[in-house]
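Thank you all for coming. Please take a moment to look at the sequence and the structure on the screen, and then I will walk you through what we can say about them.

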Amino acid sequence: MSKKICYLFPGQGAQFVGMGKDLYDNYEETRLIFKEIKDVLPDNILSIMFEGSEETLKQTIYTQPAIFLHSIFVLNIIEKREQIRPTFVCGHSVGEYAALVAASVLSIRDAAYLVSNRAKFMDEEARKTEGTMAAVIGLDDEIIIESCRETQGVCIPANFNSPGQVVISGERQAVEKTSQILKDKGAKRVIPLVVSGAWHSPLMKKAEENLKGLIEKVVFKKPECFVVSNVSAEPLDNENILKENLKVQITSSVQWAKSMKNIMNNNVDLFIEMGPGNVLSGLLKRIDKDKKAISISKIEDIKNLGEVL
């Protein structure tokens with residue numbers, strides 16, 4: 001019996017200088033992909049990915065396309081050389097675009113176009129607003145949700161990453177006030193995040209509205225596997241629902257912990273994280289330490305994949 005596999009695709013924060021360079025240098029298919037879509041990506045994206053500086057790579061307009069491109073490099077290499085197909089795919093925030101490519105819902109070119117514009121729109125709103133985020137460790141989700149509701153100003157849980165790890169997002173003063181409230185209510189730690197904006201909060205509403213118009217023009221095809229949406233955390237095989245969810249993703253909470261639990265309930269044998277870093281594999285282990293997860297970021301990871309499959 002073949003294994004049930006889930007592909008995972010990371011989001012912002014997983015980037016590193018040098019990301020994807022060994023794949024680009026050693027696999028012709030990565031160079032062909034880039035050639036086909038480079039006109040819809042930011043100028044000099046490869047030099048920013050490969051050579052830095054770290055400060056430039058951390059800019060949202062470059063980070064999101066860089067993470068998408070790295071993930072697509074890995075996806076293309078694995079699927080062509082290993083002849084495997086997933087039962088489920090799921091991506092964290094901007095990673096959902098790579099997941100939609102993996103499920104054949106979006107073409108690589110359309111996804112790259114949307115990601116580049118998503119990054120641009122979010123960066124524009126971040127520059128206009130005084131927003132930030134903070135990670136809350138060791139507190140019940142409901143307490144965090146209620147505390148955000150009680151705080152004046154814009155503050156919501158942006159990411160439900162794993163049990164005991166929730167990220168809040170919104171206006172700087174509201175996040176700082178809520179952070180203190182959560183500490184008083186027993187949070188083990190509340191860690192301010194070094195980010196340029198309040199992602200997945202109402203402060204990104206204008207960016208979301210701008211992107212909706214572009215999403216509406218792009219063709220969404222029926223998925224070839226289940227896509228687990230950030231917004232609903234449900235495995236979906238309807239392209240229209242996936243499209244509607246994507247339209248509101250920028251201001252909605254990323255329901256990552258629920259997404260992983262829903263996938264686990266379907267007896268998945270192996271989770272394969274594709275793209276920079278191993279953040280999602282780490283979160284998975286916090287949700288269920290017995291689940292098998294591997295991260296594929298560099299050429300040696302690809303060479304070792306055959307031993308796992």
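Let me begin with a question: how many bridges join strand 9 to strand 10, and do the two run parallel or antiparallel? There are four bridges between strand 9, which covers residues 270-274, and strand 10, and the two strands run parallel. One of the residues involved is methionine 274, whose bridge partner in strand 10 is isoleucine 296. Please keep in mind throughout that this is a predicted model.

Now let us step back to the sheet these strands belong to. It is an open sheet of six strands, in the order 8-7-2-1-9-10, and its pairing is mixed. Strand 8 (235-236) and strand 10 (293-296) stand at the edges, and because each has a single partner strand, one side of each is left without a neighbour in the sheet.

Helices lie against this sheet as well. Helix 5 lies across strand 1 (5-9), strand 9 and strand 10, and runs at about 155° to strand 1. Helix 14, made of residues 299-308, also packs on the sheet, where it touches strand 9 and strand 10, and its direction makes about 155° with that of strand 10.

Let me turn to the interior. As a general point, nonpolar side chains in soluble globular proteins tend to be buried together. Here the largest nonpolar core has 75 residues, and those that touch the most other members are Tyr7, Tyr97 and Ile272. Helix 5 (residues 60-82) gives this core its largest share, with 11 residues. If we leave aside neighbours within four places in sequence, tyrosine 97 is in contact with several residues, including Phe68, Leu114, Ile215 and Leu246. Apart from the largest core lies another one, of 18 residues, among them Cys6, Phe88, Leu284 and Ile287.

You may wonder about the cysteines, so which bonds do they form? The structure holds zero disulfides. The sulfur of cysteine 148 has its closest cysteine sulfur, that of cysteine 155, at 3.7 Å, which is too far for a bond, since a disulfide needs the two sulfur atoms within 2.5 Å. Cysteine 148 is buried, with a relative accessible area of 4%.

Finally, the chain as a whole has 14 helices and 10 strands. Its radius of gyration is 18 Å, close to the 19 Å that the globule rule gives for 309 residues, so the chain is as compact as a globular protein of that length. Buried residues make up 57% of those 309 residues.

Key: Residues are numbered from 1 along each chain as its sequence is written. This is a predicted model: local features need pLDDT of at least 70, side-chain atom pairs count only at pLDDT 80 or more; totals for chains, interfaces and linings use all residues. Side-chain values use heavy atoms; hydrogens and water are left out. Buried means under 20% relative accessible area, exposed over 50%, partly exposed in between (1.4 Å probe, protein chains only). A nonpolar core is a set of buried Ala, Val, Leu, Ile, Met, Phe, Trp, Tyr and Cys residues joined through side-chain atoms within 4.5 Å. Contact means heavy atoms within 4.5 Å. Two strands pair if DSSP finds at least two bridges between them. Axes are lines fitted to C-alpha atoms, for helices over the stretch in contact, and angles run from 0 to 180 degrees between N-to-C directions. The radius of gyration is taken over C-alpha atoms; the globule rule is 2.2 Å times the number of residues to the power 0.38.
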